[in-house]
Amino acid sequence: MDVRKVAKLAHLEITEEEVALYTPQMKDIVAYVEQLNELDTENVEPAIGGLTPEGERTPPAREDVPGGSIGQQAALAEAPSAVEGHFQVPKVL
């Protein structure tokens, strides 16, 4: 695994010291994840929605039903500080 390539794809600038530090760590992570390839998953059904090996859609675990909103007053009642119908937060600039 080329740490420099990963950093470039992530738009990160890294030093040579960081390359030396992260290269063995990245190799260990990849080796750990590759252990999953050794598992026999032939008779294991998918646990979440997605596609079957044949490309067919699996049924969802539950229907996606929109719920009601709690409303502005109820939401602001739990806020530590509200001003004129809005959450008041610390200035970050």
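**Figure 1. Secondary structure of the protein chain.** The protein chain contains three helices and two strands. Read from the N terminus, these elements follow the order α-α-α-β-β. The model shown here and in the other figures is predicted.

**Figure 2. Overall dimensions and surface of the protein chain.** The radius of gyration of the protein chain is 24 Å, whereas a compact globule of 93 residues would have a value near 12 Å. Measured out along the principal axes, the C-alpha trace extends over about 55 × 45 × 20 Å. Of the 93 residues, 8% count as buried. Carbon and sulfur atoms account for 56% of an accessible surface of about 9,100 Å². The side chains include 7 positive and 17 negative ones, and 9 Å separates the centres of these two sets.

**Figure 3. Close-up of helix 2.** Helix 2 covers residues 16-34, a run of 19 residues. From the first C-alpha to the last, helix 2 reaches 27 Å, close to the 27 Å expected at 1.5 Å a residue. A bend of about 30° occurs in helix 2 at Tyr-22. Within four residues of Tyr-22 there follows a proline, Pro-24.

**Figure 4. Close-up of Val-30 and Met-1.** Val-30 belongs to helix 2. The relative accessible area of Val-30 is 26%, and the residue is therefore classed as partly exposed, the class that lies between buried, under 20%, and exposed, over 50%. Val-30 and Met-1 are 29 residues apart along the chain, and their C-alpha atoms are separated by 8.1 Å.

**Figure 5. Close-up of the loop that holds His-11.** His-11 is located in the loop between helix 1 (3-9) and helix 2. The phi angle of His-11 is near 60°, a positive value in a residue other than glycine. With a relative accessible area of 74%, His-11 is exposed, because the cut-off for that class is over 50%.

**Figure 6. Close-up of the loop that holds Glu-84.** Strand 1 (82-83) and strand 2 (86-87) are joined by the loop in which Glu-84 lies. For Glu-84, phi is near 50°, which is likewise a positive value in a residue other than glycine. Glu-84 is exposed, and its relative accessible area is 77%.

Methods
Residues are numbered from 1 along each chain as its sequence is written. This is a predicted model: local features need pLDDT of at least 70, side-chain atom pairs count only at pLDDT 80 or more; totals for chains, interfaces and linings use all residues. Side-chain values use heavy atoms; hydrogens and water are left out. The radius of gyration is taken over C-alpha atoms; the globule rule is 2.2 Å times the number of residues to the power 0.38. Buried means under 20% relative accessible area, exposed over 50%, partly exposed in between (1.4 Å probe, protein chains only). Accessible areas come from the Shrake-Rupley method with a 1.4 Å probe; for residues, only the protein chains shown count as cover. Lys and Arg count as positive and Asp and Glu as negative; His and the chain ends are not counted. The place of a charge is taken as NZ of Lys, CZ of Arg, CG of Asp or CD of Glu. The expected span of a helix is 1.5 Å times one less than its number of residues. The bend at a residue is the angle between axes fitted to the seven residues ending there and the seven starting there.
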